[in-house]
Amino acid sequence: EQESKEKAYKDSIANISSMEKFRIDVEPILNGMDKLEYCVIAADVDKFKIINDLFGYEEGDRAIAFLARLFENELEKSDFITRSNADHYVIFKHAQNDEEVEVYLKKVYARLEEIFVQKDVDYRLILKAGIYRIQEEDRVLSSVIDKANRTNNVNDPITADDLFSAQNYDGVRDADGKIMYHDVSDVAVENLKEAGITGALIGILTGKMTVSSADNATISIGA
């Protein structure tokens with residue numbers, strides 16, 4: 001029975017807590033006094049299916065396990081992580097403010113780039129992350145995960161048309177036509193909002209970062 005429970009509590013591919021164990025760990029916090037100090041991060045890999053299609057499912061599984069270790073290694077003891085499905089990860093992170101979350105994601109991204117340079121891998125993993133800070137009224141785990149996922153789902157790179165709609169925007173286009181940037185002025189942020197990208201959060205990460213939009217704090221990191 002103990003062995004069966006251990007299996008149920010472990011994600012066999014990612015080697016992190018299963019959703020069942022994640023729920024057991026997180027729900028008491030979500031219904032406790034300290035929940036406002038936490039946020040939910042919903043992260044996944046942009047166009048992950050391509051890895052499976054080009055390199056096979058075994059390589060895809062290795063990438064899933066690799067990213068799980070990467071996310072987990074930068075977490076504190078008060079944080080929890082699981083995989084909801086495929087390449088989608090859910091992190092319940094203790095963070096007093098959004099800057100702490102950004103620092104965490106910067107560490108993950110920097111380590112990811114470092115490893116890919118060292119290993120000279122034939123592909124790059126481009127991470128997307130939506131962040132939802134727990135509110136007083138939040139009680140249901142599935143609901144806050146959905147909110148983080150919705151934040152992540154709108155966290156897509158803007159198009160070339162958006163660039164032309166936003167004057168004073170210091171950006172460049174990558175090989176896939178996505179608009180990337182290294183720096184952006186306050187004027188550009190306002191123009192992005194006028195272009196229909198509401199609630200844009202502009203932040204600088206090591207390397208390149210895609211512009212994102214959300215109703216809550218959101219960061220998109222990419223190679």
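The secondary structure comprises eight helices and eight strands, where helices (H or I, at least four residues) and strands (E, at least two) are DSSP runs numbered from the N terminus. The model is predicted: local features need pLDDT of at least 70, side-chain atom pairs count only at pLDDT 80 or more, and totals for chains, interfaces and linings use all residues. Residues are numbered from 1 along each chain as its sequence is written, and side-chain values use heavy atoms, without hydrogens or water.

Of the 223 residues in the protein, 45% are buried (under 20% relative accessible area, 1.4 Å probe, protein chains only).

The largest nonpolar core (buried Ala, Val, Leu, Ile, Met, Phe, Trp, Tyr and Cys residues joined through side-chain atoms within 4.5 Å) holds 32 residues, of which I41, F66, L67, F71, Y104, L112 and L125 touch the most other members. The elements below each give two or more residues to this core.

| Element | Residues |
|---|---|
| β1 | 38-45 |
| α4 | 57-73 |
| β3 | 88-94 |
| α5 | 98-119 |
| β4 | 127-133 |

A second, separate core of 16 residues includes I29, L30, V90 and F92.

The axes of α4 and α5 lie 9 Å apart, at an angle of about 135° (axes are lines fitted to C-alpha atoms over the stretch in contact, and angles run from 0 to 180 degrees between N-to-C directions). The two helices, α4 and α5, are therefore oblique to each other (neither under 35 degrees, nor over 145, nor 65 to 115). In contacts (heavy atoms within 4.5 Å), F66, L67, L70 and F71 of α4 meet residues of α5 including Y104, V108 and L112.

Note on methods:
Buried means under 20% relative accessible area, exposed over 50%, partly exposed in between (1.4 Å probe, protein chains only).
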